[in-house]
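The following exercises practise the reading of a protein model. Each one sets a task and then works through the solution step by step.

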Amino acid sequence: MISTHREPERAILVGLADPPSRPGAGRERGGGAGGAPPGPGPGGAAGDPRLDRGAPEQGGRARGHAGAAVGEAGAAAGEAGAEAGGVGTAGGGAGGAPGEGQPPPVSREASAGLEELALLAQTAGSLVVGRFVQKRAAIHPGRFLSTGKLAALAELAERERADLILFDEDLSPVQARNLERALERKVIDRTELILDIFARRARTREAQVQVELAQLQYLLPRLTRLWGHLSRLGGGIGTRGPGETQLEVDRRRVRERIDVLKRRLAAVERERDVQGRRRAGLFRVSLVGYTNAGKSTLFNQLTRAGVAEEDRLFATLDTTTRRLVLPGGEVMLVSDTVGFIRKLPHHLVASFRATLREARESDLLVHVADASQPALAAQMASVDEVLDGLLDGRSVPRLLVLNKADRLSEGDLLAARAWHPEAILLSALRREDALRFRDRLGLAAREHR
Ligand SMILES: Nc1nc2c(ncn2[C@@H]2O[C@H](COP(=O)(O)OP(=O)(O)OP(=O)(O)O)[C@@H](O)[C@H]2O)c(=O)[nH]1
Ligand SMILES: [Mg+2]
């Protein structure tokens with residue numbers, strides 16, 4: 001959906017900030033391994049509170065903070081000094097000095113929120129020209145941004161000649177429409193952006209069908225807004241779309257297409273049923289985890305399958321399965337799967353059920369995590385959340401791999417070991433580590449029998 005232009009589209013990122021909280025408040029244990037990873041890039045340690053996970057979506061309001069009144073007041077104050085570019089300003093240690101066993105300052109993870117959105121934006125081919133933060137407590141139900149923020153954002157967008165505004169949160173159809181009218185620019189939310197990237201990267205027929213299905217389901221309640229896009233493209237004065245009749249026709253067409261795609265996916269599921277039965281009896285292992293964690297790299301080390309490994313988000317969209325024969329004669333099936341991300345759109349998870357079926361039916365789920373990530377704990381929590389949804393209450397043994405150990409300092413290695421003593425700490429780039437991991441799989445297979 002983003003751009004067919006030759007020039008990259010100029011994007012401004014918009015994220016959410018909670019009111020400043022106690023140092024470490026609400027954080028889950030951990031992140032210890034993220035002590036001193038390579039810096040999170042430009043805009044590094046922001047003095048801003050976390051933008052990240054944990055809190056309910058918009059409308060959910062600041063939980064656990066010292067009363068809504070305080071939150072609102074703080075937000076109003078923040079509004080006056082419109083924090084365009086607030087992320088990326090100085091003030092690293094805002095979270096206070098970490099106490100004993102404390103994870104690194106909260107700010108690290110906060111900036112990781114927009115850093116990830118920036119990566120997603122780049123993956124979708126756009127150029128990030130600005131960042132903007134809205135206080136969670138001051139979200140406006142009808143247009144997401146408060147009045148002051150909306151004006152400040154419009155100004156920033158004008159100044160930076162932005163083509164589109166990317167929201168790290170999901171917007172309701174009404175919010176998106178109102179924002180587009182007010183900002184006179186394309187407004188894309190997180191779900192739309194992720195769907196767009198999946199659509200660009202889908203290569204196999206199956207992945208394409210799954211992505212298209214998710215996109216259409218997302219689109220259906222938003223058709224009115226898209227008509228707005230179209231009429232503007234026409235260069236017309238006024239942005240009124242066609243009449244209701246045309247909209248109804250379109251809705252029906254979209255629904256019909258959704259039905260066709262669902263039937264195709266059902267056929268894929270049946271095909272997989274047959275495959276599944278053929279594979280019955282063999283020990284099945286799936287590598288799962290956050291996007292860019294190193295699943296494909298580890299998979300290739302084990303199986304020499306030559307699956308694409310790339311330093312970009314969502315390199316893998318299809319499940320690849322290979323037989324692995326261990327030196328002791330043990331045979332197992334290992335699968336490399338699509339990566340997850342924070343707030344993975346639920347339409348996508350539903351559509352990718354066929355692809356993720358191998359993971360669902362595994363005897364062992366290997367959770368590969370990138371231990372060099374500042375947002376390690378949050379990424380692991382996102383993966384667990386998707387897995388829990390996928391497994392529908394079935395319990396499948398899990399094994400945690402903390403990858404990219406080569407990027408950790410001695411201190412971080414110790415911290416990582418202490419944090420998750422049961423995990424296998426390794427670097428998928430090192431052959432000897434991969435072999436050690438393979439032995440561990442052999443052990444799991446023997447125990448399974
Ligand atoms: N330094 C270091 N880099 C690694 C390691 N493992 C993987 N990488 C790099 O991390 C990037 C992502 O690796 P992939 O194997 O494609 O990650 P993935 O989990 O399959 O990612 P998706 O397919 O997007 O879900 C690549 O550039 C790899 O070379 C490691 O142990 N150390
Ligand atoms: Mg991969």
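**Exercise 1. A residue in its surroundings**

Does Ser296 count as buried or exposed, and why?

*Solution.* The model is a predicted one, and the count below is computed from it.

Step 1. The cut-off is needed: a residue is buried if 20 or more other C-beta atoms lie within 10 Å of its own.

Step 2. Ser296 has 24 C-beta neighbours inside 10 Å and therefore counts as buried.

Step 3. Ser296 can then be placed in helix H9. Apart from neighbours within four places in sequence, Ser296 is in contact with Val307, Ala308, Glu309, Ala315, Thr316 and Asp336.

Step 4. One of these contacts can be followed along the chain: Ser296 and Ala315 are 19 residues apart, and their C-alpha atoms are separated by 8.8 Å.

**Exercise 2. The shell around ligand 1**

Determine which residues come nearest to ligand 1 and describe the shell by residue class.

*Solution.* Step 1. There are 23 residues around ligand 1, and Gly294, Ser296, Asp311, Thr316 and Gly339 come nearest.

Step 2. Sorted by class, the shell holds six nonpolar, 10 polar and seven charged residues.

Step 3. The element that gives the most to this shell is helix H9 (residues 295-303), with three residues.

**Exercise 3. The six-stranded sheet**

Establish the strand order of the sheet that contains E6 and E7, and examine its pairings.

*Solution.* Step 1. The order is E6-E7-E5-E8-E9-E10, in an open sheet of six strands with mixed pairing. E6 and E10 are the edge strands, since each pairs on one side only.

Step 2. H9 packs on this sheet, where it touches strand E5 (283-288), E6, E7, E8 and E9. The direction of H9 makes about 150° with that of E7.

Step 3. An antiparallel pair is found between strand E6 (residues 320-325) and strand E7 (residues 331-336), with six bridges. Within this pair, Thr321 stands opposite Ser335 in E7. The two strands form a hairpin with five residues between them, and Gly329 in the turn has a positive phi of about 95°.

Step 4. A parallel pair is found between strand E8 (residues 364-370) and E9, over six bridges. Asp370 has Asn403 in E9 as its bridge partner.

**Exercise 4. Two sides of a helix**

Which residues of helix H13 (residues 410-419) are buried, and which are exposed?

*Solution.* Step 1. The buried residues named for H13 are Asp412, Ala415, Ala416 and Trp419. They lie on the same side of H13, because they cover an arc of only 100° around the axis.

Step 2. A general rule helps here: an α-helix has 3.6 residues a turn, so residues three or four places apart point the same way.

Step 3. Glu410 and Ala418 are exposed, on the other side of H13.

Step 4. The packing partners of the buried residues of H13 are strand E9 (398-403) and strand E10 (424-425).

**Exercise 5. The four-stranded sheet**

Where do strands E2 and E4 stand in their sheet, and with what consequence?

*Solution.* Step 1. The sheet is open and has four strands in the order E2-E1-E3-E4, with parallel pairing.

Step 2. Strand E2 (127-135) and strand E4 (186-188) stand at the edges with a single partner strand each, so one side of each has no neighbour in the sheet. From one strand to the next, the twist averages 25°.

Step 3. The pair of strand E3 (residues 164-167) and E4 is parallel and has three bridges. In it, Ile165 has Val187 in E4 as its bridge partner.

Step 4. Helix H3 (residues 147-159) lies across strand E1 (10-17), E2 and E3, and runs at about 170° to E2.

**Exercise 6. An intermediate case**

How is Arg440 classified, and on what grounds?

*Solution.* Step 1. Between the limits for buried (20 or more) and exposed (12 or fewer), a residue is partly exposed.

Step 2. Arg440 has 15 other C-beta atoms within 10 Å and is therefore partly exposed.

Step 3. Arg440 belongs to helix H14 (residues 431-448). Its C-alpha atom is separated by 9.0 Å from that of Ile424, 16 residues away along the chain.

**Exercise 7. The whole chain**

How many helices and strands are there in the chain, and what share of its residues counts as buried?

*Solution.* Step 1. The chain has 14 helices and 10 strands.

Step 2. Of its 449 residues, 44% count as buried.

Note on methods
Residues are numbered from 1 along each chain as its sequence is written. Chains are lettered from A and ligands numbered from 1 in the order in which they are written. This is a predicted model: local features need pLDDT of at least 70, side-chain atom pairs count only at pLDDT 80 or more; totals for chains, interfaces and linings use all residues. Two strands pair if DSSP finds at least two bridges between them. The arc is that of the directions from the helix axis to the C-beta atoms. Two residues are in contact if their C-beta atoms, placed from the backbone, lie within 7 Å. A residue is near a molecule or strand if its C-beta atom, placed from the backbone, lies within 6 Å of it. Ala, Val, Leu, Ile, Met, Phe, Trp, Tyr, Cys and Pro count as nonpolar, Asp, Glu, Lys and Arg as charged, and the others, Gly among them, as polar. Axes are lines fitted to C-alpha atoms, for helices over the stretch in contact, and angles run from 0 to 180 degrees between N-to-C directions.
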